[in-house]
Amino acid sequence: MPIVKPFIAGRKFTSTAGAGTGTGATFAIAATAFTDDTGAAATAFPASFSYYNLYINAVLQTADTSTATTTTLTIPGGDVLDPATPITVEFVVT
C-alpha cells in the first residue's frame, strides 16, 4: 500500500497591535491590516484551515488567546499591548 502524504501548507500574516480597533473583549485586527508571506497586503485569511498559531512579540500564544475568521483576528485585551508590538498569525491549511 503506497504512503500518501497529506497536503499541508502554512500561510503567515504579519501586522502590529496598533492596527487593531476596539477595546477589551472586542479588540480585533482586520485581515486587511496584515501583509502576507510575499509582503503584499492581505485581503482575507484562509477560509478553511486545520489550525492557526498566533505569535505576539514572537511568543507563541495559547489557544484561548484569540479567535480568527476570514476577515478578523480577535485578541481580547489586545488593546493594552504597545502599538508597535508585532503580531504574526500562521494558518496551517490542509
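In this predicted model, I56 stands opposite I87 of strand β7. The two residues belong to a pairing in which strand β3, residues 51–56, and β7 associate in the antiparallel sense over 6 bridges. Strands of a sheet pair through backbone hydrogen bonds, in either a parallel or an antiparallel sense. Strand β3 is also joined to strand β4, residues 59–60, by 2 bridges, and these two strands run antiparallel. Within that pairing, Y55 has L60 of β4 as its bridge partner. The hairpin formed by β3 and β4 has 2 residues between the strands, and N57 takes a positive phi near 55° there.

These strands belong to a chain that contains 0 helices and 7 strands. Read from the N terminus, the elements therefore follow the order β-β-β-β-β-β-β, each being a strand by the DSSP assignment. The C-alpha trace spans about 55 × 30 × 20 Å along its principal axes. Among contacts between residues at least 6 apart in sequence, 65% join residues at least 24 apart.

A separate description applies to the open sheet, which is formed by 3 strands in the order β2-β6-β5 with antiparallel pairing. Strands β2 (28–30) and β5 (67–68) stand at its edges; each has a single partner strand, so one side of each is left without a neighbour in the sheet. The link between β2 and β6, the latter covering residues 72–74, consists of 3 bridges, and the two strands run antiparallel. Within this link, A30 has T72 of β6 as its bridge partner.

Attention may now turn to F27, which is found in the loop between β1 and β2. Is F27 buried or exposed? Its relative accessible area is 4%, and a residue counts as buried under 20%, so F27 is buried. Leaving aside neighbours within four places in sequence, the residues in contact with F27 include A17, G20, T21 and G22. Its contacts also include L73, T74, I75, P76, G78 and D79. F27 and V80 are 53 residues apart in sequence, while their C-alpha atoms are 9.6 Å apart in space.

One of the contacts of F27 is L73, and L73 also appears in the largest nonpolar core. In soluble globular proteins, nonpolar side chains tend to be buried together. The largest nonpolar core here has 16 residues, of which F34, F45, L73, I75, I87 and V89 touch the most other members. The elements that give two or more residues to this core are β3 and β7. Strand β7 supplies the largest share, 3 residues. Apart from neighbours within four places in sequence, F45 is in contact with F13, A31, F34, T69, T70, T72, L73, V89 and F91. Across the protein chain, buried residues make up 32% of the 94 residues. The accessible surface comes to about 5600 Å², of which 60% belongs to carbon and sulfur atoms.

Strand β7, residues 86–93, also contains E90. What is the environment of E90? With a relative accessible area of 17%, below the 20% limit, E90 is buried. Not counting residues up to four places away in sequence, E90 touches G10, R11, K12, Y51, Y52, N53 and Y55. Side chains of opposite charge can pair when their charged atoms come close. With which residue does E90 form a salt bridge? The partner is K12, and the closest N and O atoms are 3.8 Å apart. Because the limit for such a pair is 4 Å, this distance satisfies the criterion. The pair links distant parts of the chain, since E90 lies in strand β7 and K12 in strand β1 (residues 9–16), 78 residues apart. The count of salt bridges comes to 1. In this pair, E90 is buried, whereas K12 is partly exposed, with a relative accessible area of 39%.

Finally, the chain may be set beside its record. The unreviewed UniProt entry carries the annotation "domain: DUF4183", which covers residues 22–91. Over residues 22–91, the chain is 0% helix and 31% strand, and the end C-alpha atoms are 23 Å apart.

Definitions and conventions:
Residues are numbered from 1 along each chain as its sequence is written. This is a predicted model: local features need pLDDT of at least 70, side-chain atom pairs count only at pLDDT 80 or more; totals for chains, interfaces and linings use all residues. Side-chain values use heavy atoms; hydrogens and water are left out. UniProt positions are given in the numbering used here, feature names are shortened, and annotations may be inferred rather than shown by experiment. Helices (H or I, at least four residues) and strands (E, at least two) are DSSP runs, numbered from the N terminus. Two strands pair if DSSP finds at least two bridges between them. Buried means under 20% relative accessible area, exposed over 50%, partly exposed in between (1.4 Å probe, protein chains only). Contact means heavy atoms within 4.5 Å. A salt bridge is a side-chain nitrogen of Lys or Arg within 4 Å of a carboxyl oxygen of Asp or Glu. A nonpolar core is a set of buried Ala, Val, Leu, Ile, Met, Phe, Trp, Tyr and Cys residues joined through side-chain atoms within 4.5 Å. Accessible areas come from the Shrake-Rupley method with a 1.4 Å probe; for residues, only the protein chains shown count as cover.
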